[in-house]
Amino acid sequence: MRNRMINNKGMGTVMAAFAVTTSAKEENAVLAATARQWAEELGVRYVPREKGQTLPAMLVRYGLAALLIAAETGPRVYTPEGTMFYHPGLGTVRWQRVVLKGEGDNFLRALAVRPGQKVLDATLGLAADALLASHAVGPSGRVTGLEASPLLYFLTSRGVQNYEGKFPELTQDLRRIEVVQAEASAYLKQLPADSYDVVCFDPMFRHPVRRSSAMQPLRPLAWRLPLSTETVDEALRVAPRVVIKERTEEVLREYGCRTFTGTRYSGVRFGIRTRGEKN
């Protein structure tokens, strides 16, 4: 699946500053060339890894929030919260429960999609939800994921194309996800009505979740503007069904949701809006 970068005017004011460098242990001419290529593609600086210079020191020296590191095993991201490489995270556990054990999933219940349908994940992150959506709509369907952060886009767009899961079917489901670097509200306005069957949002990522320690390195990179009711309304023009993930029904009601799924024990609720319903 081809991934796309698009122009997002005005996004620089909410994007974390980052640069590209190489792994100190593996630095060589090939990796340096790769890092320079990535920097040019992303429109950011390439900063050479000087001998003995630590990553925290580089952040301070160059005034950065993150570093994209070219390593032999692929791209890595370093922030003050830690270092990470691409992995669909809990999405793999949820996929196994659904596909291998036949268990239900609250996100899929909220989506209510069938094979052949089209899903727009407007807050892609590491594509954990998109992985499940891709399995649900199957090879004849379509899942598009939007990621506003250029660094997260870079990591995830390459990750879904190169990550090799334990199960071939999981890998195939990842490969079918189209990743677009775009901010949701601007992208939705460009789409014709009824372009998708469902649009989903996960604005929870902007809030720290202590038990999701594996996600902590990405916090400084997340899109910083909250989801607006206007964007949700625009999504309802693009698709007859909109799903929003949040912690409480109270917050979801602010977006106009009146139907909910999820359990109080998971700490997550999904709000559902359908076109034509009374708020």
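Here are three short exercises on a predicted model, each with a worked solution.

Ground rules: residues count from 1 along each chain as its sequence is written, and side-chain values use heavy atoms, with hydrogens and water left out. Because the model is predicted, local features need pLDDT of at least 70 and side-chain atom pairs count only at pLDDT 80 or more, while totals for chains, interfaces and linings use all residues.

**Exercise 1.** Work out the strand order of the open sheet and find its edge strands.

*Solution.* Helices (H or I, at least four residues) and strands (E, at least two) are DSSP runs, numbered from the N terminus. Two strands pair if DSSP finds at least two bridges between them. Walking across the four strands gives E2-E3-E4-E5, with mixed pairing. E2 (18-22) and E5 (82-85) each pair on one side only, so by the pairing rule they're the edges. Zoom in on E3 (residues 66-71) and E4 (residues 74-79): they run antiparallel, joined by five bridges. There, Ala70 sits opposite Pro75 of E4.

**Exercise 2.** Say which strands helix H6 touches.

*Solution.* Contact means heavy atoms within 4.5 Å. By that test H6 (residues 150-162) packs on the sheet and touches E2, E3, E4 and E5.

**Exercise 3.** Decide where to be wary of the coordinates.

*Solution.* Start with pLDDT, the predictor's confidence in each residue, from 0 to 100. Its mean over the protein is 88, with 84% of residues at 70 or more. Now look at residues 7-14: pLDDT is below 50 there, and the stretch has 10 contacts in the model beyond near neighbours in sequence. Where pLDDT is low, predicted coordinates shouldn't be read in detail.

Key
Axes fitted to C-alpha atoms, helices over the stretch in contact; angles between N-to-C directions.
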